[in-house]
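Me: I'm still learning to read protein models, and I'd like a close look at one part of this one. Could you take me through it slowly, in plain words?

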Amino acid sequence: MPYYDYQCTICKNIEEEYRAIEDRDNEGLCKKCGGKTHRVIESPAVVFHGSGFYVTDHRDHDKGEKN
Ligand SMILES: [Zn+2]
């Protein structure tokens, strides 16, 4: 099951929670103050993984041509 970041709308505390994909947009409860939490989109992490994947793929392709 993937995990997502949820931020409290009251105290702004961010916690990671494991959720099923169909439940990821549901509200949660803050463990600190009991307020409602909503999902936070992590765009920097997605950009980093995409870049690394491209470099690995390019190296494998280059090696194959030399052999
Ligand atoms: Zn809170």
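What percentage of the contacts in the chain with a separation of 6 or more comes from residues 24 or more positions apart? After that, please look closely at the sheet, and at strand S4 in it.

Reply: Happy to! One thing to keep in mind from the start is that this is a predicted model. As for your percentage, residues 24 or more positions apart account for 38% of the contacts with a separation of 6 or more.

Let's begin with the overall layout. The chain has 67 residues, with one helix and four strands. If you read along the sequence, the pattern is β-β-β-β-α. Buried residues make up 4% of the chain.

How far can you trust what you see? The average pLDDT of the chain is 79, and 61% of the residues score at least 70. Confidence is highest in S4, at 95, and lowest in helix H1 (residues 43-66), where the mean is 55. Where pLDDT is low, predicted coordinates should not be read in detail. Your request leads us to the strand with that value of 95.

Now for the sheet itself. Its four strands form an open sheet in the order S2-S1-S4-S3, and the pairing is antiparallel. At the edges you will find S2 (14-18) and S3 (28-29), each of which pairs on one side only. In that order, S4 stands between S1 and S3, and we can visit each of its two partners in turn.

On one side, S4 (residues 36-40) runs antiparallel to S1 (residues 3-8), and four bridges join the two. Try finding some of the partners in the 3D view. Asp-5 is bridged to Val-40, Tyr-6 has Arg-39 as its partner, and Cys-8 is matched with Thr-37.

On the other side, two bridges join S4 to S3, and this pair is antiparallel as well. Here Gly-28 has Thr-37 as its bridge partner. Thr-37 is a nice residue to pause on, since you can trace it to Cys-8 in one direction and to Gly-28 in the other. S3 and S4 also form a hairpin with six residues between them, and in its turn Gly-34 has a positive phi of about 80°.

Let's stay in S4 and pick out His-38, which belongs to this strand. Is His-38 buried or exposed? The cut-off for exposed is 12 or fewer C-beta neighbours within 10 Å, and His-38 counts as exposed because it has 12. Leaving out residues up to four places away in sequence, His-38 touches Tyr-6, Gln-7, Thr-9 and Glu-27. Its C-alpha atom is 10.0 Å from that of Tyr-4, although the two residues are 34 apart along the chain.

Glu-27, one of those contacts, makes a good next stop. This residue is found in the loop between S2 and S3. Setting aside neighbours within four places in sequence, Glu-27 is in contact with Lys-36, Thr-37 and His-38. Glu-27 counts as exposed because 11 other C-beta atoms lie within 10 Å. From C-alpha to C-alpha, Glu-27 and Gln-7 are 9.9 Å apart, while 20 residues separate them in sequence.

To finish the sheet, move across to S1 and S2. Five bridges join these antiparallel strands. Tyr-3 stands opposite Tyr-18, and Tyr-4 has Glu-17 as its bridge partner in S2. S1 and S2 form a hairpin too, with five residues between the strands. Look for Lys-12 in the loop between them. Its phi is near 65°, a positive value in a residue other than glycine. Lys-12 is exposed because it has 11 other C-beta atoms within 10 Å. S2 itself is hardly covered, with zero buried residues among its five.

As you turn the model, here is a handy rule for following a strand. In a regular strand, side chains alternate between the two faces of the sheet. A good place to practise is S4, where confidence is highest.

How values were computed:
Residues are numbered from 1 along each chain as its sequence is written. Two strands pair if DSSP finds at least two bridges between them. A residue is buried if 20 or more other C-beta atoms lie within 10 Å of its own, exposed if 12 or fewer, and partly exposed in between; C-beta atoms are placed from the backbone. Two residues are in contact if their C-beta atoms, placed from the backbone, lie within 7 Å. pLDDT is the predictor's confidence in each residue, from 0 to 100.
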